[in-house]
Amino acid sequence: MRLLRRSFFKTIATVTFFCLAASFAAVPAHAAEKVTVFAAASMKNALDDINAEWAKESGNEAAASYAASSALAKQIEQGAPADIFISADLAWMDYVAEKKLINADSRSNLLGNRIVLVAPADRAKPVEIKQGFDLAALVGDGRLAMGAVDSVPAGKYGKAALEKLGVWSSVEQKVAGAESVRAALLLVSRGEAPYGIVYQTDAAADPGVKIVGTFPEYSHPPIIYPVAILSEAKSPAAKAYLDFLKSEKATPFFEKQGFTVLK
């Protein structure tokens, strides 16, 4: 009887040991953290590559939501859950900052960009962009694709440049305002618009378009992409992710797409 009892308790102990071992094995040594990033649409190609690299190095996940900076800022204002915001201009970062929606100490200027005139790749010819150039004649009966000029940063930069060069009034009625710079790019890539104004980084990402001219830097405000951690950020990995964005490891991915990395 004692032998049976001893054997029974030994069996129970063995089963308990293996159950505990299995439960410990099921718990990863490092639980992956997820960082949610709200980023300007023009950053998609570079940031997708950077997020993949960061995931490999850190074991964490960066999930990016891309849209016009204006739309993202409004979503943040309405309480959308995100950890990091990267805007394509200073104005929309200022907008969320004024509403106390970012950690001010984490804010910095991350990238620079240029705006360019693009045309469908199969019928692209060089255009000399200068004071008073006849953009209206180039567009003809078609449309000039741009981000919405009252809200989308690329559209605002484009309008500022056309005003500075004295040609805005001649093309204002021909503008096809898109919800984001990538949407404007698509209109040109599909041949639905003969010309468009986008960032040079967008043009580099779509083989369906070619750059036919670059707007002089003096014709518009400096194109700066600020980044910040949001005040309602939940991810413990947000700071580490921001540090990675600003590290030498991220620089080649940005430069590959044509961004200027600001130090």
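Biologist: Six strands form one open sheet here, so to speak a starting point: in what order do they lie, and is the pairing mixed?
Modeller: The order is 2-1-3-10-4-11, and the pairing is mixed. Keep in mind that this is a predicted model. Strand 2 and strand 11 (260–261) are the edge strands, and each pairs on one side only.Biologist: What holds neighbouring strands together in a sheet?
Modeller: Strands of a sheet pair through backbone hydrogen bonds, either parallel or antiparallel. Now take a case. Strand 1 (residues 34–40) and strand 2 (residues 61–67) pair in the parallel sense, over seven bridges. Within this pairing, Lys-34 stands opposite Glu-61 in strand 2. The chain gets from strand 1 to strand 2 through helix 2 (residues 44–58), and this β-α-β crossover is right-handed.

Biologist: How many bridges join strand 1 to strand 3?
Modeller: Three bridges join them, and the two strands run parallel. Strand 3 covers residues 84–86. Look for Phe-38: its bridge partner in strand 3 is Phe-85.

Biologist: Is strand 1 largely enclosed or largely exposed, and why?
Modeller: Buried means under 20% relative accessible area. Five of the seven residues of strand 1 are buried, so the strand is largely enclosed by the rest of the structure.

Biologist: On to the other sheet. What is the strand order there?
Modeller: Five strands form an open sheet in the order 7-6-8-5-9, with mixed pairing. Its edge strands are strand 7 (175–178) and strand 9 (209–214), and each pairs on one side only. On average, neighbouring strands of this sheet are turned by 35° against each other, direction ignored.

Biologist: In which sense do strand 5 and strand 9 run?
Modeller: They run antiparallel. Five bridges join strand 5 (residues 115–120) to strand 9. Use Val-116 as a marker: Thr-214 in strand 9 stands opposite.

Biologist: How can empty space inside a model be found?
Modeller: Rolling a probe the size of a water molecule over the atoms shows where empty space is left. This structure holds one cavity of 30 Å³ or more. About 50 Å³ of space lies in the largest cavity.

Biologist: Which residues line the largest cavity?
Modeller: Among them are Ala-40, Ala-41, Ser-42, Ala-67, Ala-68 and Ser-69. The lining also includes Ala-88, Val-152, Pro-153, Val-181 and Tyr-199. By class, the lining has ten nonpolar, two polar and no charged residues.

Biologist: What sign does phi have in most residues?
Modeller: Most residues other than glycine have a negative phi. Lys-100 has a positive value, near 60°. Find Lys-100 in the loop between helix 4 (90–98) and strand 4 (108–112).

Biologist: Is Lys-100 buried or exposed?
Modeller: Exposed means over 50% relative accessible area. Lys-100 has 67%, so this residue counts as exposed.

Biologist: Now a loop residue further along. Where is Ala-250 found?
Modeller: Ala-250 sits in the loop between helix 10 (238–245) and helix 11 (251–256). Its relative accessibility is 0%, so Ala-250 counts as buried.

Biologist: What separates the C-alpha atoms of Ala-250 and Trp-54?
Modeller: The separation is 8.8 Å, while the two residues are 196 residues apart along the chain.

Note on methods
Residues numbered from 1 in each chain as written. Predicted model: local features only at pLDDT ≥ 70, side-chain atom pairs only at ≥ 80, totals over all residues. Heavy atoms only, no water. Buried < 20%, exposed > 50% of the residue type's maximum accessible area, 1.4 Å probe, protein only. Helix = DSSP H or I, 4+ residues; strand = E, 2+ residues; numbered from the N terminus. Pairing = 2+ DSSP bridges. Right-handed = clockwise from strand over helix to strand, strands pointing away. 1 Å grid on protein atoms, 1.4 Å probe; cavity = no way out; pocket = protein on both sides within 12 Å on 5 of 7 lines; lining within 4 Å. Points joined across faces, edges and corners; volume = space filled by probe spheres on them. Nonpolar A, V, L, I, M, F, W, Y, C, P; charged D, E, K, R; others polar. Axes fitted to C-alpha atoms, helices over the stretch in contact; angles between N-to-C directions.
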